[in-house]
Amino acid sequence: MQCRTPAQALTWAHPIIQEWFLSRFGSATEPQIEGWPAILAARPTLISAPTGSGKTLAAFLICIDQLFRKALSGSLQPHTEVVYISPLKALSNDIRKNLEEPLQQIQKLALERGYLCPPIRTAVRTGDTLPAERRAMLKTPPHILVTTPESFFILLTAEKSRANLARVRTVIVDEIHAMADDKRGTHLMLSLERLDALVCGENRLSPGTMLTGLATPPQRIGLSATQNPISLVADYLCGTRHRNCAIIEVGRRRHFDLAVEVPNDELGSITTNAIWDDVY
């Protein structure tokens, strides 16, 4: 599916999602136009673009659209389907705020247009999450989970929280360059491989209990403003099961306004005060 122009970029989205997006942003950005076809094709996707170019929404909007369609049809189950992993706890909280506001706006717009849309839940799980909030997540799992690599590992270790991750369809790794070359990144990739095995039904949740999982492992989407060499980062993102990674690298060109500025008056052996005004 090709979506190479702003006018065509949202043809895949539900009309409510299209209306909300266009009313808020006007048109899609280059990372979104280039990234959405690869994500729609279920390929592992690495998006490298400058900060503020819309790459985070490029990763999230298709997930939101899929959850929204399930909510409208009544098939949205209390399972976590999207996991967003950030290396920074503060960034996790920002992402949750940036998610909840659009989801509330989309739900409000859907009601105005005559659609009954159950809420799409989000939650943050970090080392700072209060015990009461953790218990609430176990009882009612969020559809979109925002977490850190360390907390993600803990969630995969405890039986109840691991069971809530068994139907994850998308994993978004933000600031992937910050973890690609150290032990923290190696640990994260091991966790993602464990998630793949869990989703595919290859892990036992408890002795004697085999999980019936999905046929394919979760789609992986990597985001970063700076990464080089990008091919190695793509290999890092893909791991052992994923192949044919789509690399979206946009926004690297810079437009320069280069000029030579000189004082209007002739330069002499002694500089006058008027010359200094021109220099300033």
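# Helices, sheet and buried residues in a predicted model

Author: Helix α3 and helix α4 cross in the right-handed sense. Everything discussed here refers to a predicted model, so let's take a friendly walk through it.

Reader: Are the helices α3 and α4 parallel, perpendicular or oblique to each other?

Author: Helix α3 covers residues 55-73 and helix α4 covers residues 89-112, and their axes come within 12 Å. The crossing angle is roughly 40°. Angles under 35 degrees would count as roughly parallel, and 65 to 115 as roughly perpendicular. The angle here fits neither range, and therefore α3 and α4 are oblique.

Reader: How many residues of the contact of α3 with α4 are nonpolar?

Author: From α3 come Thr56, Phe60, Ile64 and Phe68, which meet Ile95, Leu99, Leu103, Ile106 and Ala110 in α4. None of the residues of this contact is charged and 1 is polar, so by class the nonpolar residues number 8.

Reader: What about α1 and α4: how many charged residues does the contact of α1 with α4 have?

Author: The axes of α1 (residues 15-25) and α4 come within 10 Å and cross at roughly 120°, which makes these two helices oblique as well. On the α1 side are Ile16, Ile17, Glu19, Trp20 and Arg24, and they meet Glu101, Pro102, Gln105, Ile106, Leu109 and Ala110 in α4. Of the residues in this contact, 7 are nonpolar and 1 is polar, while the number of charged ones is 3.

Reader: Is Leu109 buried or exposed?

Author: Leu109 lies in helix α4. Leaving aside neighbours within four places in sequence, Leu109 is in contact with Ile16, Glu19 and Trp20. The relative accessible area of Leu109 is 10%, and the cut-off for burial is under 20%. Leu109 therefore counts as buried.

Reader: Turning to the strands, which are the edge strands of the sheet?

Author: The sheet is open, with 7 strands in the order β3-β4-β2-β5-β8-β1-β9 and parallel pairing. An edge strand pairs on one side only, which here applies to β3 and β9.

Reader: By how many degrees are neighbouring strands of this sheet turned against each other on average?

Author: The strands in question form an open sheet with parallel pairing. With direction ignored, neighbouring strands are turned on average by 15°.

Reader: Which strands does α4 touch where it packs on the sheet?

Author: The direction of α4 makes about 175° with that of β3. Packed on the sheet in this way, α4 touches β2, β3 and β4.

Reader: Which residue stands opposite Val124?

Author: Val124 belongs to the stretch 122-125, which is strand β3. Strands β3 and β4 run parallel and are joined by 4 bridges. In β4, the residue opposite Val124 is Val146.

Reader: And how many bridges pair β2 with β4?

Author: Strand β2 (residues 82-85) pairs with β4 in the parallel sense, and Ile85 stands opposite Thr147. The number of bridges over which these strands pair is 4.

Reader: Are the residues Ile144, Leu145, Val146 and Thr147 buried or exposed?

Author: Strand β4 (residues 144-147) is covered on both faces. Ile144 and Val146 are on one side, Leu145 and Thr147 on the other, and all of them are buried.

Reader: Where does helix α9 lie?

Author: Helix α9 (residues 230-238) runs at about 140° to β1. Strand β1 spans 45-48, and β9 spans 246-249. Helix α9 lies across β1, β8 and β9.

Reader: How far apart are the C-alpha atoms of Glu81 and Thr147?

Author: Glu81 has its place in the loop between α3 and β2, and it is buried, with a relative accessible area of 10%. Its contacts beyond four places in sequence include Leu67, His143 and Arg169. Thr147 is 66 residues from Glu81 along the chain, and their C-alpha atoms are separated by 13 Å.

Reader: Last one: what is the relative accessible area of Gln32?

Author: Gln32 is found in helix α2 (residues 30-40). Not counting residues up to four places away in sequence, Gln32 touches Phe21, Pro37, Gly54, Leu57 and Ala58. Gln32 is buried, and its relative accessible area is 3%.

Key: Residues numbered from 1 in each chain as written. Predicted model: local features only at pLDDT ≥ 70, side-chain atom pairs only at ≥ 80, totals over all residues. Heavy atoms only, no water. Axes fitted to C-alpha atoms, helices over the stretch in contact; angles between N-to-C directions. Parallel < 35°, antiparallel > 145°, perpendicular 65-115°, else oblique. Left-handed = near helix turned anticlockwise from the far one by under 90°. Contact = heavy atoms within 4.5 Å. Buried < 20%, exposed > 50% of the residue type's maximum accessible area, 1.4 Å probe, protein only. Pairing = 2+ DSSP bridges.
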